Amino acid sequence: MKTTTGGDEQKTMKELMDGVLKDCHKNLNGLNRSTMMSTSRHPPIKRTHLMPIGLGGTSLTDQEVNNLIDVGGLHCDCCKAKAKELLVCERCKKTYYCSAECQKKQWKDNGHKIHCRKDGEFKADDLVQIARLKSKPELNEKIVRIVGPAKNEEGKYEVKVEGAVRVDESFSIAAGNLNQLRPYDCRK
């Protein structure tokens, strides 16, 4: 229902909400494009995208790293279709689907069942991002791999820097200084 006041026409609630939704999508697109760019006083961090996984090793492309770091919600993580309304995984809240069929396919066939984590849950081999370190701020924003819970240190995890020169180079870090990335099945 449109109303007028003093000759000025007001928009309907639907028109207002459509405008807000459009602005949100535009802001998300901007965030996703600028994830790798730092607007803080620190220069952008160059990430090593050669990330050995297991004995055979593999590498992630820049796009795959961006997909793991991004906020998500711009398209279906299974079929990549853009939709006005996307469903979100109830468990991790970081994977988006256009339909129940895509959700089932991503869960069963594309590995979301293996990589889905509740907020604050970490398992061995997960990729995470270091954050909020005051003692070694140069490590903030680095992507590391969880080795497992730190021995004899409650609430800490042993992590390994991907692409490290020394194979045995790992250290422990508090769970509060680790940011979960989007589930690994969202990388493509």
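**Figure 1. The aromatic pair of the predicted model.** In this predicted model, the count of aromatic pairs comes to one. Phe 122 and Tyr 157 make up the pair in an edge-to-face arrangement, with a centre-to-centre distance of 5.3 Å and an angle of 70° between the planes. Phe 122 belongs to the loop between helix H4 (112–115) and E5, and Tyr 157 to strand E7 (residues 156–161), so the contact ties together parts that lie 35 residues apart in sequence. Both Phe 122 and Tyr 157 are buried. Tyr 157 also takes part in strand pairing, with Ile 173 in E8 as its bridge partner.

**Figure 2. The five-stranded open sheet.** The strands follow the order E8-E7-E6-E5-E9, and their pairing is antiparallel. The edges are occupied by strand E8 (170–174) and strand E9 (178–180); each has a single partner strand, so one side of each is left without a neighbour in the sheet. On average, neighbouring strands of this sheet are turned by 50° against each other, with direction ignored. In a regular strand, side chains alternate between the two faces of the sheet.

**Figure 3. The E6–E7 hairpin.** Strand E6 (residues 143–149) pairs with E7 in the antiparallel sense, and five bridges connect the two. Within this pairing, Ile 146 is placed opposite Val 159 of E7. The two strands, E6 and E7, form a hairpin in which six residues lie between them. Asn 152, located in the turn, has a positive phi of about 60°.

**Figure 4. Pairing at the two edges of the sheet.** At the E8 edge, E7 and E8 are joined in the antiparallel sense over five bridges. Here the bridge partner of Tyr 157 is Ile 173 in E8, and Tyr 157 is the residue that forms the edge-to-face pair with Phe 122. At the E9 edge, strand E5 (residues 127–130) pairs with E9, again in the antiparallel sense, over three bridges. Ile 130 stands opposite Leu 178, a residue of E9.

**Figure 5. Salt bridge and surface patch in helix H1.** Seven salt bridges are found in a search of the whole structure. In one of them, the side chains of Lys 14 and Asp 18 meet at an N to O distance of 3.0 Å. Lys 14 and Asp 18 are four residues apart in helix H1, which means that about one helical turn separates them. Lys 14 is exposed, because its relative accessible area is 57%, whereas Asp 18 counts as partly exposed at 33% relative accessibility. A nonpolar surface patch is formed by Met 13, Leu 16 and Met 17, which together have about 330 Å² of accessible area. Met 17 is located in helix H1 (residues 13–34). With a relative accessibility of 48%, Met 17 counts as partly exposed.

**Figure 6. Salt bridge between Glu 90 and Lys 93.** The side chains of these residues, Glu 90 and Lys 93, meet at an N to O distance of 3.8 Å. Glu 90 is exposed, since its relative accessible area is 61%. Lys 93 counts as partly exposed, because its relative accessibility is 48%.

**Figure 7. A salt-bridge network around Glu 121.** Glu 121 and Arg 91 are joined by a salt bridge between their side chains, at an N to O distance of 3.6 Å. The pair links distant parts of the chain, 30 residues apart: Glu 121 lies in the loop between H4 and E5, and Arg 91 in the loop between E3 and strand E4 (96–97). Arg 91 has a relative accessibility of 33% and therefore counts as partly exposed. A network of salt bridges links Arg 91, Glu 121 and Lys 123.

**Figure 8. The surroundings of Cys 76.** Cys 76 is found in the loop between helix H2 (62–69) and strand E3 (87–88). Its relative accessibility is 0%, so Cys 76 counts as buried. Between the C-alpha atoms of Cys 76 and Leu 86 the separation is 7.0 Å, while the two residues are 10 residues apart along the chain.

Definitions and conventions. Residues are numbered from 1 along each chain as its sequence is written. This is a predicted model: local features need pLDDT of at least 70, side-chain atom pairs count only at pLDDT 80 or more; totals for chains, interfaces and linings use all residues. Side-chain values use heavy atoms; hydrogens and water are left out. Patches are made of residues with over 30% relative accessible area and no salt bridge: like charges are joined within 9 Å, nonpolar side chains (Val, Leu, Ile, Met, Phe, Trp, Tyr) within 5 Å. Accessible areas come from the Shrake-Rupley method with a 1.4 Å probe; for residues, only the protein chains shown count as cover. A salt bridge is a side-chain nitrogen of Lys or Arg within 4 Å of a carboxyl oxygen of Asp or Glu. Buried means under 20% relative accessible area, exposed over 50%, partly exposed in between (1.4 Å probe, protein chains only). Two strands pair if DSSP finds at least two bridges between them. Axes are lines fitted to C-alpha atoms, for helices over the stretch in contact, and angles run from 0 to 180 degrees between N-to-C directions. Rings of Phe, Tyr and Trp (its six-membered ring) pair if their centres lie within 6.5 Å; planes under 30 degrees apart count as stacked, over 60 as edge-to-face and the rest as tilted.
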